[in-house]
Amino acid sequence: MNRKPIVALIYDFDGTLSPGNMQEFGFIQAIHQTPEEFWTKSDGIAKGQDASNILSYMKLMHDEAKKNGIKLTRADFRRYGADIKLYGGVKEWFSNVNEYGKSKGVRIEHYINSSGLKEIIEGSPIAKEFRHIFAGSFIYDENGEAEWPGIAVDYTAKTQFLFKIQKGIFSSRDAKRVNESVAEEDKRIPFTNMIYFGDGDTDVPSMKIVKMFGGNAIGVYDPLNPSKKASAEKLQRQGRTNFITPAVYTRDSRTFRIVAAIIDKIKADSELQALAKRKR
C-alpha cells in the first residue's frame, strides 16, 4: 500500500501571514518607541558595526527592554504574540487546506521559516497549526530571562531549514544529520511536494531552491500596498517565484485556488509514479 504523499506548506511570517513585523504588536510600544525609531536604531547598529541585521535587532530588543525595566521571558514574548495582526482568512486557512488535502488523499503539514522570533510566534493565535516553527530565539538565564541570541535566522539559515524539513529533522541545532546523504525515495518530503510562501529578500534563496528542485514558490504581497505588489512582480519577472498573489487566505481567494491546484498536481504525480513502478 502506497503512503499518502505529504505536502509541506512553508511560510515566512512577517509580511507573509502578518502585515507587519511581529515586534510592532506590543514590544515596541512597551519600550515607548515607534516602529520607525526602533528599526532605524537596529539598522544603525548593523551598518555601524557591519553586523547581521538579525543579531542587531535581537541585541536592540534585549538592550531596550533592560533600559525600560522590562523582563523578556518566554511567557512575556508569548504575550506579545497574542496581539499579532494577521491577514484576512489566515485563521481559517489551515483547516481549509487540511480539509482539501484530506479530500484528495494528501497529508498536509504546515511549517514556519522566519527571521522573526519563535517565542513570539508561539504566542500567536495560529501557533498550534504548525508541525514545527523554525525561527530565531534567545538563550535564557537561570531566572528565565533572555540574555543572549541563541538562534539568528538569516536568508542562508532559511535554506538550511528546507533541507531539515525534507529529511524530517526538527532540531535547529542539528548540523550533522541534515548533511548526511539520503536516497531520494527515503526523503520524508521531497522538494517537489513543498510550497513556499514569502514576501521579501530573506525569502529569495529559499524560493529559488524550492523552485529549482521542482517545488512551488508563491510570492505574496499586501493588497493595500502598491510598493509591495511591485516587489512581488519583480520577483516574478526575475523567475524567483512560480506565482504571486495578494496576501488573502480566504476559501475563495486566488491563494487558495493556487494551492488547491498544486495539491491536485502533486497527487496526480504521485499516482503516476506509483503506476510506473508496477509491472502490470
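How many residues does helix α3 have, and what distance does α3 reach from its first C-alpha to its last? Helix α3, residues 53–67, has 15 residues and reaches 21 Å between those two atoms, close to the 21 Å expected at 1.5 Å a residue. The model described here is a predicted one. This briefing treats helix α3, then an open sheet of seven strands, and finally two helices that lie against the strands, α8 and α9.

**Helix α3 and its ends**

- At the N-terminal end, α3 is capped by S52, which has a side-chain oxygen 3.1 Å from the backbone nitrogen of I54.
- I54 is also one of the buried residues of α3.
- The other buried residues of this helix are S56, Y57, M58, L60, M61, E64 and A65.
- Just beyond α3 comes G69, with a positive phi of about 70°.

**The sheet as a whole**

- Seven strands make up an open sheet with mixed pairing, in the order β4-β3-β2-β1-β5-β6-β7.
- The edges are formed by β4 (146–151) and β7 (243–246); each has a single partner strand, so one side of each is left without a neighbour in the sheet.
- From one strand to the next, the twist averages 25°.

**Strand β3 and its neighbours**

- Strand β3 is mostly covered, with eight of its nine residues buried.
- On the β2 side, four bridges join β3 to β2, and these two strands run parallel.
- Within this pairing, I133 in β3 is the bridge partner of I112.
- On the β4 side, β3 (residues 132–140) is joined to β4 by four bridges, and here the strands run antiparallel.
- Two positions illustrate the pairing with β4: I139 has W148 as its bridge partner, and Y140 stands opposite A146.
- The strands β3 and β4 form a hairpin with five residues between them.
- In the turn of this hairpin, G144 has a positive phi of about 80°.

**Helices against the strands**

- Helix α8 (residues 204–212) lies across three strands: β2 (107–117), β5 (194–198) and β6 (216–221).
- The direction of α8 is at about 155° to β5.
- Helix α9 (residues 226–237) packs on the sheet and touches β6 and β7.
- The direction of α9 makes about 165° with that of β7.
- Strand β6 is thus a shared element of the two descriptions, being among the strands that α8 lies across and one of those that α9 touches.

Methods. Residues are numbered from 1 along each chain as its sequence is written. Side-chain values use heavy atoms; hydrogens and water are left out. Two strands pair if DSSP finds at least two bridges between them. Axes are lines fitted to C-alpha atoms, for helices over the stretch in contact, and angles run from 0 to 180 degrees between N-to-C directions. Contact means heavy atoms within 4.5 Å. The expected span of a helix is 1.5 Å times one less than its number of residues. Buried means under 20% relative accessible area, exposed over 50%, partly exposed in between (1.4 Å probe, protein chains only). A polar contact is a pair of N or O atoms within 3.5 Å; within protein, one must be able to donate a hydrogen and the other to accept it, and residues adjacent in sequence count only if both atoms are side-chain atoms.
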